[in-house]
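Please look over the model below before reading the briefing, which takes up the DNA surfaces, the domains and one helix pair.

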2 protein chains.
Amino acid sequence: MSIHLLLADDQELVRSALGALLSLEDDFEVVASVGRGDEVAPAALAHHPDVALLDIEMPGLDGLAAAAVLAEQAPGCKVVILTTFGRAGYLRRAMEAGAAGFVVKDAPAEVLAETIHRVMAGERIIDPALAASALAAGESPLTARERDVLVAARSAATVAEIAAALYLSEGTVRNYLSTAIAKTHSRNRTEALRFAEDQGWL
Amino acid sequence: MSIHLLLADDQELVRSALGALLSLEDDFEVVASVGRGDEVAPAALAHHPDVALLDIEMPGLDGLAAAAVLAEQAPGCKVVILTTFGRAGYLRRAMEAGAAGFVVKDAPAEVLAETIHRVMAGERIIDPALAASALAAGESPLTARERDVLVAARSAATVAEIAAALYLSEGTVRNYLSTAIAKTHSRNRTEALRFAEDQGWL
DNA sequence: TCTCGCCCATGACATTTGTCATGGGCCACC
DNA sequence: GGTGGCCCATGACAAATGTCATGGGCGAGA
């Protein structure tokens, strides 16, 4: 009895390679493979996978948001998040979205196969060290707008650009940046952004 | 007659998956697999691969530097760079280091197998669009110290920190940043850093 | 020898960023 | 109704960043 898998990762070569790796397991069958977050739910509805393996950083919808959509539209499909970064905020959001497993790409291949089996057996699989850091990190202290401003700061060079992008005055942007900087115990917005990203808060 | 391959990628799961993918080809054999750039040359000397597939961003030594070491120490081993980012500067540096091929992880799996075969046949394989963008981008206009300062700016929050890290005065750092900002046609150091990274100049 | 480019530095100053105070509007909760 | 938190804004000002001028030292190449 095969476990049907859906793969979602925007890098085609990596996605094919994961498919090849999983095909080495006798009881796994990759029934769908997509490169964008917004293609996950439609593919799940079409192919009825038992487990969806979702990368986080994808175009169209990130893997965490795709997991939330799956929880609503295909609740029978379990989710394992596969990610480059074991960020506390990612883990928290994955669990909140109902993910049953969370695997970091640094992990040995056996961890992935084992995670899938245990998830199928009804367990929720989290690395204890990651769980500890997620609990220690607590929730993001940032308000929605502080987060918006930090996200906008990723691609903007100046406060004026952030302000234009979010339809705010420059003074307001400076205030939001200031509070974000304080909450992250940073010295400037670059450091605040880096910290919030590392925590998976964005 | 198998083509012997060496794999270098710091993410173990991805590395194993690539190994599985390549094993699907009858004439490929993965003879070595490492997770750090500084392990590449020793592994090549121990296992005599025909082709080394090197990720760029790895601890210990980046894939481009590892390629240069291979060119010296194991000149019979051809190099294919495997990268997340098709940055012009990466391509340029890869070619300068003697790499015979350059594959972006977004590419379909068949491109990788084909690249390896053609490299074995003596060709140098570059995507024409990437080559065009590398030629259009030209060489990095940054001096060594400008680059050092930008690299230091990745993890530093303030000019004072960059200065301390590089044993320079703050005024000197501000000058180097200023020239780097001008050369990259940026508005501040954050944007200059982003641009230089996107070009693969760092 | 001369020239040029890179490295490094000081200093003056313009511009931008970040801090803080203040306050109005709105909503949820006690 | 009152309170607190979030959103948004203005304004004053301190601190940091970025610009520009200037100049000494050094090495490579003509």
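Which oxygen of DNA strand C is 2.5 Å from an N or O atom in the side chain of Arg145(B)? The oxygen in question is a phosphate oxygen of strand C. The model is predicted, so that local features need pLDDT of at least 70 and side-chain atom pairs count only at pLDDT 80 or more, while totals for chains, interfaces and linings use all residues. Residues are numbered from 1 along each chain as its sequence is written, chains are lettered from A and ligands numbered from 1 in the order in which they are written, and side-chain values use heavy atoms, with hydrogens and water left out.

**DNA strand C**
- Strand C is surrounded by 19 residues (near means that a heavy atom of the residue lies within 4 Å of the strand), and the closest are Asn175(A), Ser178(A), Thr143(B), Arg145(B) and Tyr176(B).
- Ser178(A) places a polar side-chain atom 2.7 Å from a phosphate oxygen, whereas the side chain of Asn175(B) has an N or O atom 2.8 Å from a base oxygen of strand C.
- H9(B) provides the largest share of this surface, five residues (helices are DSSP runs of H or I with at least four residues, numbered from the N terminus).
- Of the strand C atoms within 4 Å of the protein, 65% belong to sugar or phosphate and the rest to bases.

**DNA strand D**
- Thr143(A), Arg145(A), Tyr176(A), Asn175(B) and Ser178(B) come nearest among the 19 residues around strand D.
- Phosphate oxygens of strand D lie 2.9 Å from a side-chain N or O atom of Thr172(A) and 3.0 Å from a polar side-chain atom of Arg189(B), while a base oxygen lies 2.8 Å from a polar side-chain atom of Asn175(A).
- H9(A) gives the largest share of the surface near strand D, five residues.
- Of the strand D atoms within 4 Å of the protein, 64% belong to sugar or phosphate, with the rest in bases.

**Domains of chain A**
- Chain A is divided into domain 1 (3-137) and domain 2 (144-198), with bounds from an automatic or database domain assignment, and the C-alpha centres of the two domains lie 31 Å apart.

**Helices H2 and H3 of chain A**
- The axes of H2 (residues 40-47) and H3 (residues 63-73) come within 9 Å and cross at roughly 35° (axes are lines fitted to C-alpha atoms over the stretch in contact, and angles run from 0 to 180 degrees between N-to-C directions).
- The contact (heavy atoms within 4.5 Å) involves Val40(A), Ala41(A), Ala44(A) and Leu45(A) of H2(A) and Ala66(A), Val69(A), Leu70(A) and Gln73(A) of H3(A).

Definitions and conventions. Polar contact = N/O pair within 3.5 Å; in protein donor to acceptor, adjacent residues only side chain to side chain. Helix = DSSP H or I, 4+ residues; strand = E, 2+ residues; numbered from the N terminus.
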